[in-house]
Amino acid sequence: MDIFAYAGHGYEGSLVHVEVDLRRGIPGIEVVGLPDNAVREARQRVRAGIRNSGFTFPLDRILINLAPAGLKKGGASFDLPIAISLLLASGQVRPGTALASGRMLILGELELSGRVRSIRGTLAAMAAAKSAGITHILVPSSNVREAASSALKVAGIEYLSELSDLLSDTKRFLFQPGDHGEYPSEEACIGDFSDIKGSSLLRRALEIAAAGRHHLLLFGPPGSGKTMSIDRYPSILPDLDLERSLEVTRIHSLDPFSNVSGTLMVRPPVRRPHHSATREGLIGGEKENRPGEVALAHEGVLFLDEALEFRESLLQSLREPIERGRVDISRSGSSYWFPTRFQLILATNVCPCGRLGRPDGGCGCTEKEIARYWRKAGAALMDRIDIRVPCSPLAPELFLGPPGEGSGVVRERVRLARDREERRNREEGVLNGFLPDAKLHRYCVLDREAGLLFSQAVERFAFSSRASASLLRVGRTIADLDGKEKIDAEALCEAVAFRRFGDRDLFWCRL
């Protein structure tokens, strides 16, 4: 039986063939094939784990090769495949007839007692095994539920002493396709959408952004409800479907700080990095090839509060992940990538002191200071923001007024609009906010009046080609929310109203 382990490198890793050679000589164990310190330390964990599980550690000269030899191997997930390869090579464990000539992927960290601990990156390993045609997987018991979502034959092991029974009985490897109905749903929001009072413009903008997954900018003075609104925004987002849930969980399972353990994430992730974040933390490239915030926000929301307090270089580094839907990271001796199809939401004050736009005034910033403040966003990043919304503090009578529509009602409208989008865009597999420019003529059809209005708006506001495409995408989403087949003049006018801020006029002139 051929034993394989998994070496993670970004979103896609590599299978590693574990080979064992026993020969006469001074007893000892050597691991070759570019192992890191964690893999080298496996020698001691494996030695103690085998002895404490009732087996005999071979008193031979042991050579363990991790092939391919040119690929760096790291982490503790090699413990269990090394231990099982040793037991098979020494004849202490014999696989059943069905497994003897087959291949098996094995994952797990071994404690000194022989207990098998859970590991990260299970779903990524399952995807690699599926691509290689490996159907039998052995994982720690705590990872079985996560691994079963891959529709492969999976068995769980809690102690190394269970190995003989597992390998002799292939019925222990269960095929469990589609066992996803009971995974918990985590709401990444605070409060209900009805808490957003008074501003029908803001509520409408959030609904459109949710329906089409459009990038969004909220700007206004402190206390105007920007952060509060985004806290409620996830409550109107529908759950992820199974395919996207697997992608999101796969990425989060590679993050050492994620709490994903044996469950699928069915809610869109919401990431809120602080403005002091580093480039490696935001984009990726830290040790262990862990995903950055842009990858962890895949199929969800990346919310940058106080966006203009972020370093300019960080804001500009978001342009490629937004445009391409993936981030490629190259480091000395390695290169890897992650998908980054996220929705960007920015919230910011209008000026450095934050008082501009308040009813009582009091802003002491000069025009040059304000222009320098906004220059951090840059024209290239701003051009990718589809919807821009000015926010103002609520009047007292609105603050004390009745609540608006709740999250459930709005979420249902968003879900219906997304259903229309997915049926129409099924060949592209994306919602309106991510439609490719080359296909806009096919999916964003204007009626005659809207066509004339589109030409006038592009000329009057000097919209770029990207901004013109953004108008069509937002107009298409508005038409979907209203149940219309074509984009009419009313939908396009609303799209222009949400786009016009921040391109030619200064923001504070419109507050």
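Visitor: Is Leu398 buried, partly exposed or exposed, and what is its relative accessible area?
Guide: This is a predicted model in which local features need pLDDT of at least 70, side-chain atom pairs count only at pLDDT 80 or more, and totals for chains, interfaces and linings use all residues. Residues are numbered from 1 along each chain as its sequence is written, and side-chain values use heavy atoms, with hydrogens and water left out. Buried means under 20% relative accessible area, exposed over 50%, and partly exposed in between (1.4 Å probe, protein chains only). Leu398 is partly exposed, because its relative accessible area is 40%.

Visitor: In which helix is Leu398 found?
Guide: Helices (H or I, at least four residues) and strands (E, at least two) are DSSP runs, numbered from the N terminus. Leu398 belongs to the run of residues 396-399, helix 16.

Visitor: In what order do the 5 strands of the open sheet stand?
Guide: Two strands pair if DSSP finds at least two bridges between them. The pairing here is parallel, and the edge strands, 12 (270-271) and 17 (387-390), each pair on one side only. The order is 12-13-16-11-17.

Visitor: Which residue of strand 17 stands opposite Leu218?
Guide: Strand 11 pairs with strand 17 in the parallel sense over 4 bridges. Leu218 and Leu216 lie on one side of strand 11, Leu217 and Phe219 on the other, and all are buried. Opposite Leu218 in strand 17 stands Val389.

Visitor: Which residue is the bridge partner of Phe219 in strand 16?
Guide: Strand 11 also pairs with strand 16 over 4 bridges, in the parallel sense. In strand 16, the partner of Phe219 is Thr348.
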